[in-house]
Amino acid sequence: MSMLDQIGARAHRLYRDAGIEPWAARPTRDQLADARRWAEALRRGRIFFYDKQEVAIGLRNIDWTGGHIRHQEWRAQLNRLPWLSRLALLYRHTREPDLADLARRTIEDWIEGHEPYSAAKPPAP
């Protein structure tokens, strides 16, 4: 059993024991369609600003300072990584391996793009 499957099994037991229905347990058709739309865009190196405007960000060396759009909210939206929850939802239902890879690549790029976390910066003594 993979680490992801183990985490999922434990979360399932937690929800069951607490008597809670997780929101992602039975996504609606609209939620799956939205997740698919985001995944397809991200595969092309694009995401959506305010869920409407498609913006090319690439898949490597992403400009995390938000130079793509001159809007006060863009940088904050970009750095919230809004596609991750959608990729997770879609992965949970399709098990498409590239979805996990897309998530990992963008997370690693974010880490590299933020100096205190970058592998290029030596650890503090």
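Start with helix α2, whose buried residues are Ala 35, Trp 38, Ala 39, Ala 41 and Leu 42. They span an arc of only 165° around the axis, which means that they sit on the same side of α2. Keep in mind that what you're looking at is a predicted model. If you want the reason behind a pattern like this, an α-helix has 3.6 residues a turn, so residues three or four places apart point the same way. Turn α2 around and the face away from the buried side shows you the exposed residues Arg 29 and Asp 30. As for length, α2 has 15 residues and reaches 21 Å from its first C-alpha to its last, close to the 21 Å expected at 1.5 Å a residue. Just past the end of α2 comes Gly 45, with a positive phi of about 75°.

What do the buried residues of α2 pack against? Their partners are β1, α4 and α5. That gives us a good reason to zoom out for a moment. The chain has five helices and two strands, and along the sequence they come in the pattern α-α-β-β-α-α-α. Of the 125 residues in the chain, 28% are buried. Among contacts with a separation of 6 or more, 45% join residues 24 or more positions apart. On the outside, the chain exposes about 8700 Å², with carbon and sulfur atoms supplying 54% of that area.

Now for the inside. The largest nonpolar core has 25 residues, and those with the most contacts inside it are Leu 42, Ile 47, Ile 57, Trp 74, Leu 78, Trp 83 and Leu 87. The elements giving two or more residues to this core are α2 (29-43), β1 (46-49), α3 (74-79), α4 (83-94) and α5 (97-112). Leu 42, which we met among the buried residues of α2, is on that list of well-connected core members. Leu 78 is another one to click on: leaving aside neighbours within four places in sequence, Leu 78 is in contact with Ile 47, Ile 57, Asp 63, Trp 64, Gly 66, His 68 and Trp 83.

Next, swing over to α5, one of the elements that α2 packs against. The buried residues here are Leu 99, Leu 102, Ala 103, Thr 106 and Asp 109. Their arc around the axis is only 135°, so they lie on the same side of α5. They pack against α2 and α4, while the face of α5 turned away from them carries the exposed residues Pro 97 and Arg 104. With 16 residues, α5 reaches 23 Å between its first and last C-alpha, close to the 22 Å expected at 1.5 Å a residue. Ile 107 is also in α5, but at 35% relative accessibility this residue counts as partly exposed. The C-alpha atom of Ile 107 is 8.9 Å from that of Leu 84, with the two positions 23 residues apart along the chain.

Carry on past α5 and you come to His 114, in the segment that follows the helix. Is His 114 buried or exposed? Its relative accessible area is 19%, so His 114 counts as buried, although the cut-off of 20% is not far off. Not counting residues up to four places away in sequence, His 114 touches Trp 64 and Asn 79. With Asn 79 there is a polar contact, side chain to side chain, at 3.1 Å.

The loops have a couple of backbone oddities for you to check. Most residues other than glycine have a negative phi. Asn 61, in the loop between β2 (53-56) and α3, has a positive phi near 50°. Leu 81, in the loop between α3 and α4, also has a positive phi near 50°. Their surroundings are another matter: Asn 61 is exposed, with a relative accessible area of 72%, whereas Leu 81 counts as buried at 13% relative accessibility.

Finally, go back to the beginning of the chain and look at α1. At its start, a side-chain oxygen of Ser 2 reaches to within 3.1 Å of the backbone nitrogen of Asp 5. At 1.5 Å a residue, the 16 residues of α1 (residues 3-18) should span 22 Å, and the end C-alpha atoms are 23 Å apart, which agrees. After α1 comes Gly 19, with a positive phi near 70°.

Methods
Residues are numbered from 1 along each chain as its sequence is written. This is a predicted model: local features need pLDDT of at least 70, side-chain atom pairs count only at pLDDT 80 or more; totals for chains, interfaces and linings use all residues. Side-chain values use heavy atoms; hydrogens and water are left out. A nonpolar core is a set of buried Ala, Val, Leu, Ile, Met, Phe, Trp, Tyr and Cys residues joined through side-chain atoms within 4.5 Å. Buried means under 20% relative accessible area, exposed over 50%, partly exposed in between (1.4 Å probe, protein chains only). Helices (H or I, at least four residues) and strands (E, at least two) are DSSP runs, numbered from the N terminus. Contact means heavy atoms within 4.5 Å. The expected span of a helix is 1.5 Å times one less than its number of residues. A polar contact is a pair of N or O atoms within 3.5 Å; within protein, one must be able to donate a hydrogen and the other to accept it, and residues adjacent in sequence count only if both atoms are side-chain atoms. The arc is that of the directions from the helix axis to the C-beta atoms. Accessible areas come from the Shrake-Rupley method with a 1.4 Å probe; for residues, only the protein chains shown count as cover.
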